[in-house]
Amino acid sequence: MSDIIAAIATGQNPCAIGIVRISGDGCLNLCDQVFQAVCGKKVADLQARRFYMGNMLDAKKNVIDKGMIVIFPAPHSYTGEDCIELHCHGSPVVLRELLSALFAAGARQAKAGEFTKRAFLNHRMDLTQAEAVADLIDAETIMAARNAAAQLDGGLRRVLEPVQDGLLEIASRFYAVVDYPDEDIEDIQPEEIIKILDNNIKILKNLLSSSERGRILKSGVRTVLTGRPNAGKSSLLNLLTGFDRAIVTDIPGTTRDTVEESAICGGILLRLIDTAGLRETRDKIEQLGVERTRKAIDGADLILVILDQSADFNQDDFNAIELAARSGKPWILIKNKIDIIRQDLNKNLNFSLTDKSRDNINNIIPESVRNNIIYLSAKTGEGLDNLERAVKNLFPADKTDRPGTFLTDIRQEDAARRAVDALKRANHAILSGLTPDAALTDIEYALDALGELTGRSAKEEIISRIFSRFCVGK
């Protein structure tokens, strides 16, 4: 890591202020070639963490722009190395020219995520904090941002450190007794091992139970909009997203394939999937769309069943409700198009069903859903606040939630699960009356798994994969 890296940290679009970031041993002297401070001092002589005005120079010493420089000496910088930021006007031309001047002076283009990777390798953060940097950049809701910020502050690390320390205590004391038999070292007792293992298993299980909440915070709720053709699914998608994402016509069967978009509803990020209308059809293309609808429902976290309140209830409506009710997934029943029947709303609030049909529908709709039917107009937006409350109630924030303590990644979840399984095996060995050395292999396996999670023992290929999702300049 002795080479000097540089990158534009503020993206490629024009903006008021652009930032070029530089890191590496020798970057203070290198920047003398591209920056002339108004005060006349060399860059290395400038005070840390203070802005200085000066001229930005290209490779031929022509002035590109006037701007500011701020230096962050090692080891108290983002990367743990000498680090510099050059702030100028956010013209892409100016930023590219400034970057070219840095390359001509001896720096090289930073790879994606290389600044954060250097911070990890220089022990400025662990792997969970490094992943939180990317999560914070990608956050699409305020709750996701808060969780990522708390994890960046070490929230998850503080949960895991006592677990690792407890397991290291067991392993180190065992090896101390074996390696130094002549020393007066107290052997660790099975009761003490069991106590540590039980406590650590409990902590890790709590973490694993948070993984679903963490996934929703980070990736959102996979939400399928289903119902018969022309019920208003595409109109609801457009209402939630705030623009005309899907084609809306009076012709049934317009949507033949799934249409996906993201939207915030009740503070929850929904990954909306508008599907082909559910109905019996001989149209082969439409049949394929209906089959994709069924597959989308199988993979959904939430199902929104949309009914046309202005039309008579029919078998297609019944089939859509039955499919959602029997899926085992959370779902909401939405009676749409109340704007059409605004003048006679009270008379139209009930389904037009025969007694037999009414009995059948009551059998498949849980009481909680029957008492929480949403009436709205996807055209005017009336009733949308009721839908937002319903979504929020289905995915509430637990009062015991502590931002930063959720597992938000499949990699993290897999490592924690392997650690729990190993500790259970170790616990079983001790409870079965075996000597501590019988459990030691599984304890060390658990330490390795947790080391992958935090980065203490993560392999280079895992580390490279994690940082590959970062943008250049971070």
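Val305 counts as buried, with a relative accessibility of 0%. The model is a predicted one, and in it Val305 sits in strand E11, which covers residues 302–308. Once its neighbours within four places in sequence are set aside, Val305 is in contact with Thr226, Ala320, Ile321, Ala324, Trp331, Ile332, Leu333 and Ile334. The chain also brings Lys233 into the picture: 72 residues separate Lys233 from Val305 along the sequence, yet their C-alpha atoms are 8.6 Å apart.

Strand E10 is another mostly covered element. Of the 7 residues in E10 (268–274), 6 are buried. On one hand, E10 pairs with E8, the two running parallel and joined by 5 bridges. Within this pairing, Leu225 stands opposite Asp274 of E10. On the other hand, E10 pairs with E9 (residues 259–265), this time antiparallel and through 7 bridges. Here Ser262 has Arg271 of E10 as its bridge partner. E9 and E10 make up a hairpin with 2 residues between them, and Gly266 in that turn takes a positive phi of about 65 degrees. As background, side chains in a regular strand alternate between the two faces of the sheet.

Strand E8 turns up again in the packing of helix H8. H8 spans residues 211–219, and its buried residues are Ser211, Arg213, Gly214, Ile216 and Leu217. An α-helix has 3.6 residues a turn, so residues three or four places apart point the same way. What do the buried residues of H8 pack against? Their partners are three helices, H5 (142–152), H7 (190–209) and H15 (410–431), together with strand E8 (221–226). After H8 comes Gly220, with a positive phi near 90 degrees.

Then there are the cysteines. How many disulfides does a search of the whole structure find? The count is 0. Cys15 stays unpaired because the closest cysteine sulfur, in Cys88, is 8.6 Å from its own, too far for a bond. Cys31 is likewise in no disulfide, with the nearest cysteine sulfur, that of Cys27, 5.8 Å away; the cut-off for a disulfide is a pair of sulfur atoms within 2.5 Å. As for their surroundings, Cys15 counts as partly exposed because its relative accessibility is 31%, whereas Cys31, at 0%, counts as buried.

Note on methods:
Residues are numbered from 1 along each chain as its sequence is written. This is a predicted model: local features need pLDDT of at least 70, side-chain atom pairs count only at pLDDT 80 or more; totals for chains, interfaces and linings use all residues. Side-chain values use heavy atoms; hydrogens and water are left out. Buried means under 20% relative accessible area, exposed over 50%, partly exposed in between (1.4 Å probe, protein chains only). Helices (H or I, at least four residues) and strands (E, at least two) are DSSP runs, numbered from the N terminus. Contact means heavy atoms within 4.5 Å. Two strands pair if DSSP finds at least two bridges between them.
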